[in-house]
Amino acid sequence: MELARPFAMSQPAISKHLKVLERAGLISRGRDAQRRPCRIEAKPLAEADEWLERYRQIWEGSFQRLDALLDELKAEEDKRGHTNR
């Protein structure tokens, strides 16, 4: 219930999310009487972060090229618009 409290989610929904994270190796869960404490597993998260960073760089480069192309097309359009007036 502690984990569900700050979110607009039910406790069963939180449990499902935790099971997915556990299967993915991103968290581990222990047992302490009635509690099931969770621990974030840093290594798999670091690996996921590295993978995401590579794709972020690829997409950032693509967006920069798109911005440059759009700027170029706008400049050409502005140039043509000024000469036709």
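The legends below accompany several close-up views of this predicted model.

Some ground rules help with every view: residues are numbered from 1 along each chain as its sequence is written, and side-chain values use heavy atoms, with hydrogens and water left out. Because the model is predicted, local features need pLDDT of at least 70 and side-chain atom pairs count only at pLDDT 80 or more, whereas totals for chains, interfaces and linings use all residues.

**View 1. The whole chain is an α-β-β-α arrangement.**
Let us start with the overall picture: the protein has two helices and two strands. Helices (H or I, at least four residues) and strands (E, at least two) are DSSP runs, numbered from the N terminus. The radius of gyration is 24 Å, well over the 12 Å that the globule rule gives for 85 residues, so the protein is more spread out than a compact globule. That radius is taken over C-alpha atoms, and the globule rule is 2.2 Å times the number of residues to the power 0.38. Along its principal axes, the C-alpha trace spans about 80 × 30 × 15 Å.

**View 2. Burial and contacts across the protein.**
How many of the 85 residues count as buried? The share is 7%, where buried means under 20% relative accessible area, exposed means over 50%, and partly exposed lies in between (1.4 Å probe, protein chains only). The protein exposes about 7,800 Å², and carbon and sulfur atoms supply 57% of that area. These areas come from the Shrake-Rupley method with a 1.4 Å probe; for residues, only the protein chains shown count as cover. Among contacts with a separation of 6 or more, 5% are between residues 24 or more positions apart; a contact means heavy atoms within 4.5 Å.

**View 3. A nonpolar patch lies on the surface.**
Follow the side chains of Trp51, Leu52, Tyr55, Ile58, Trp59, Phe63, Leu66, Leu69, Leu70 and Leu73, which together offer about 1,000 Å² of accessible area. Patches are made of residues with over 30% relative accessible area and no salt bridge; like charges are joined within 9 Å, and nonpolar side chains (Val, Leu, Ile, Met, Phe, Trp, Tyr) within 5 Å. One of the patch members, Trp59, sits in helix H2 (residues 42-83). Trp59 is exposed, with a relative accessible area of 53%.

**View 4. Glu53, Arg56 and Glu60 are linked in a salt-bridge network.**
Side chains of opposite charge can pair when their charged atoms come close. The rule used here asks for a side-chain nitrogen of Lys or Arg within 4 Å of a carboxyl oxygen of Asp or Glu, and by this rule the count comes to five salt bridges. Within the network, Glu53 and Arg56 meet at 2.5 Å, N to O. These two residues are three apart in helix H2, which separates them by about one helical turn. Glu53 is partly exposed at 28% relative accessible area, and Arg56 is partly exposed at 40%.

**View 5. Two further salt bridges, Lys43 with Glu47 and Asp78 with Lys74.**
In the pair Lys43 and Glu47, the closest N and O atoms are 3.5 Å apart. Lys43 counts as exposed at 62% relative accessibility, while Glu47 counts as partly exposed at 44%. The other pair, Asp78 and Lys74, has an N to O distance of 3.2 Å, and Asp78 is partly exposed at 32%. What separates the partners along helix H2? Lys43 and Glu47 are four residues apart, about one helical turn, and Asp78 and Lys74 are likewise four residues apart, about one helical turn.

**View 6. Ile40 in strand S2 and Ala42 in helix H2.**
Ile40 is exposed, with a relative accessible area of 60%. Not counting residues up to four places away in sequence, Ile40 touches Leu26, Ile27 and Leu45. Ile40 and Ser15 are 25 residues apart in sequence and 15 Å apart in space, C-alpha to C-alpha. Ala42 counts as exposed at 56% relative accessibility. The C-alpha atoms of Ala42 and Ala4, 38 residues apart along the chain, are separated by 22 Å.

**View 7. Confidence along the model.**
The protein averages a pLDDT of 88, and 95% of the residues score at least 70; pLDDT is the predictor's confidence in each residue, from 0 to 100. Confidence is lowest in strand S2 (residues 38-40), at a mean of 89, and highest in H2, at 92.
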